Number of protein chains: 2
Amino acid sequence: MKKTKSSRPMKTVTLADVARECNVSVSSVSLVLNEKPLARLLSEKTRSAIRVAAHKLGYTPNRNAQALRSQRSNTIGVVVFDIADPFCTLILKGIQAALEPVGMLPIIMDATNQGKQFEQYIALMLERRVEGLIVVANWLLSDKDITSNLEAFGVPVVIVGREVESATVSSVLVDNEAGGYLALQHLHQMGHQKIAVICGPKGLQDSYRRLRGIERYARSIRFTLDRSLIVEIPDAADPLAGFDGGYEATIELLSSKKKFSAVLAFDDLTALGVIRALHEIGLRVPDEVSVIGFDDIPAASLTTPSLSTIRQDMSGMGVTAAQHIIELIQPNGSANSSASIRLTKPVVVARESTSAITRDSRRLSKS
Amino acid sequence: MKKTKSSRPMKTVTLADVARECNVSVSSVSLVLNEKPLARLLSEKTRSAIRVAAHKLGYTPNRNAQALRSQRSNTIGVVVFDIADPFCTLILKGIQAALEPVGMLPIIMDATNQGKQFEQYIALMLERRVEGLIVVANWLLSDKDITSNLEAFGVPVVIVGREVESATVSSVLVDNEAGGYLALQHLHQMGHQKIAVICGPKGLQDSYRRLRGIERYARSIRFTLDRSLIVEIPDAADPLAGFDGGYEATIELLSSKKKFSAVLAFDDLTALGVIRALHEIGLRVPDEVSVIGFDDIPAASLTTPSLSTIRQDMSGMGVTAAQHIIELIQPNGSANSSASIRLTKPVVVARESTSAITRDSRRLSKS
DNA sequence: TTGTATGCGTTATCAA
DNA sequence: TTGATAACGCATACAA
């Protein structure tokens, strides 16, 4: 039992230490411990001696040295625009899950919602010689922030949650249009006719795409959307701004005496704001007004009533992004699989906040 | 403009490249770029030439090489028990915020709620030669999982969210007892007398501490808690189990015809489950029953009604943990500041789910 | 079947 | 004022 009172840095066990312990050369130790084919040429006795010694001494390979020598860091930089955003966190899980089996380590940084930090953190990761970069966007990240020059980093880049028009940067995101389609379909099939639509900020791709999907479904069944029931929440800098946006939009809608039996909200946060507003006015959800969101953030299942929504497979998106970047990292990888856009399929999650239209809501929606 | 079509790994610019570019030695370049005192001995002309060349060539220091040479990785390993737990994510923000100014990089890993992965990930970080370890626990992490041998890793360890009885591992967590005290105080001061208490799993430190705080407040005002209104949710493996626990406990309480005008829940998730149950039975919150949680997870402010709760300063805990580990890393650091326990002060966040007792709730709580 | 030597990019020591 | 050079821990081509 050695006293461990020593001051840092503590000397760690190296290959040389192991080699000395069993009177072989460092190369032999390296071969055996890495299970290289060449190791099979060593006598079984030597091999086991090496393994025993390594274990006894508590040898831990030094990844930094390995990275230096092999010119491969085995790390992927992950820049999350806001790690507290529940939307992002499941993506991270997916990324880690896909990276682990191939021995890659994600280096995660939170950009804390600031475009400024963004570039700076990427520089940090480059210093660590990450072999690839995954950017997890959320709706606060303006396109300006990214497109600056994501292309010029010298490593493959995959961006999650945002479609980017670059020739060298790949995207993984939900099929927003399909999602919008599904959302309206869900409400319409439950009998709703007067449907308010609360769109996201105009500048946002997602807003546009989802609305397109909504309109496409409407056309497909020759259903006419009441334009006066379509509103838009303002752009904002706060992660929770969607909630306020939904709240304000609903208050406005209600005070203008518009009638509707259902609200299709831009996302879950917006939907929760809508519900708050309806509740304050004294309208019951879903008895009098149905509400559907988009994303399926964890909170969606915890509220009362629980929130019907369009689920994005965040974890799956993370996995896809990670797998894609692994491909790109392979030598010649950028050749065969170049910049692509992968859309994941959204799915309806019907919970308590939507219900078939009732007498109550029908009466209410009479204009 | 060089074509960048080459296959990976892309050769990066080194000190030697810069040195060659301006006909000086690598040592000079190193001195200048690191702004060492010795660099002042070089002529101003040389210095600026070096800086210009470095910038022109796009030099990026190789941290792996630096780590190898200096025996300092400038990284801190952070093992989060569940990165999707909103409780954890704000702590991460705090950690990053405190680490950044001192040039330390957090290496974040999600243990995905499994004690098994836990040890394995720590091994990974040790291979990367992290200089310290921060473990972010949540209530699913059983003490067994950690105490195994957190002490023997050779680097300082700080654990957030759990008090550990080790002589070498420091803890940062909320003052649970004070929190329990505050929660009961809040309810009592609003006039509630029949108060149900839903405790966390028995095995959990937090449960015990919070209950102690509750009892301490009760004693301080000579208020007698009705033991039959104190229940406990079962231990569980699911991150969202608290919700179900709160739900079930409430249903049980109600079906046993107990009367109460307020519920003090173990945490926010539990509280949300309670609200769901009350709603199903047809009891209005807070008009007929007040509910208070613990933690102040993001969802707490988004629900309708929004949740009154006891806030933990998660971000602050992250900062504290990071600062502490930085101290411990300093040479001789472990000497002057050894294993300690730092408690952060909880604060009441009064929102909509609690209100002063009304005629309705008074009537209801008559037994 | 095993060992030696070299270099990865840096920093630090010593010499010029 | 500046430049060689060794060493950090490891992997590998080459020798023995």
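This talk goes through the contacts of a predicted model with two chains and two DNA strands.

Some ground rules. Residues are numbered from 1 along each chain as its sequence is written, and chains are lettered from A and ligands numbered from 1 in the order in which they are written. Since the model is predicted, local features need pLDDT of at least 70 and side-chain atom pairs count only at pLDDT 80 or more, while totals for chains, interfaces and linings use all residues.

I start with DNA strand C. There are 26 residues around this strand, where near means that the C-beta atom, placed from the backbone, lies within 6 Å of the strand. Those that come nearest are A:Val24, A:Ser27, A:Leu42, B:Leu15 and B:Asn62. Which elements supply at least two residues each? In chain A they are α2 (26-33) and α4 (63-70), and in chain B they are α1 (15-21), α2 (26-33) and α4 (63-70). Helices (H or I, at least four residues) and strands (E, at least two) are DSSP runs, numbered from the N terminus. The largest share, five residues, is from α4(B). By class, this surface has eleven nonpolar, 13 polar and two charged residues. Here Ala, Val, Leu, Ile, Met, Phe, Trp, Tyr, Cys and Pro count as nonpolar, Asp, Glu, Lys and Arg as charged, and the others, Gly among them, as polar.

Next, DNA strand D. Of the 25 residues around it, A:Thr14, A:Ser27, B:Ser25, B:Ser27 and B:Leu42 come nearest. Two or more residues are given by each of α2 and α4 of chain A and α2 and α4 of chain B. For this strand the largest share, five residues, comes from α4(A). The classes here are eleven nonpolar, twelve polar and two charged.

Now the two chains. In chain A, 47 residues are in contact with 47 residues of chain B, contact being C-beta atoms, placed from the backbone, within 7 Å. On the chain A side, α5 (86-99) is among the elements that give two or more residues, and α5(A) gives the most, with six. That side has 24 nonpolar, 14 polar and nine charged residues.

Last, a sheet in chain A. Four strands form an open sheet in the order β7-β6-β8-β9, with parallel pairing; strands pair if DSSP finds at least two bridges between them. β7 (230-232) and β9 (290-292) are at the edges with a single partner strand each, so one side of each has no neighbour in the sheet. Three bridges join β6 (residues 195-199) to β7(A), and A:Val197 stands opposite A:Ile230 in β7(A).
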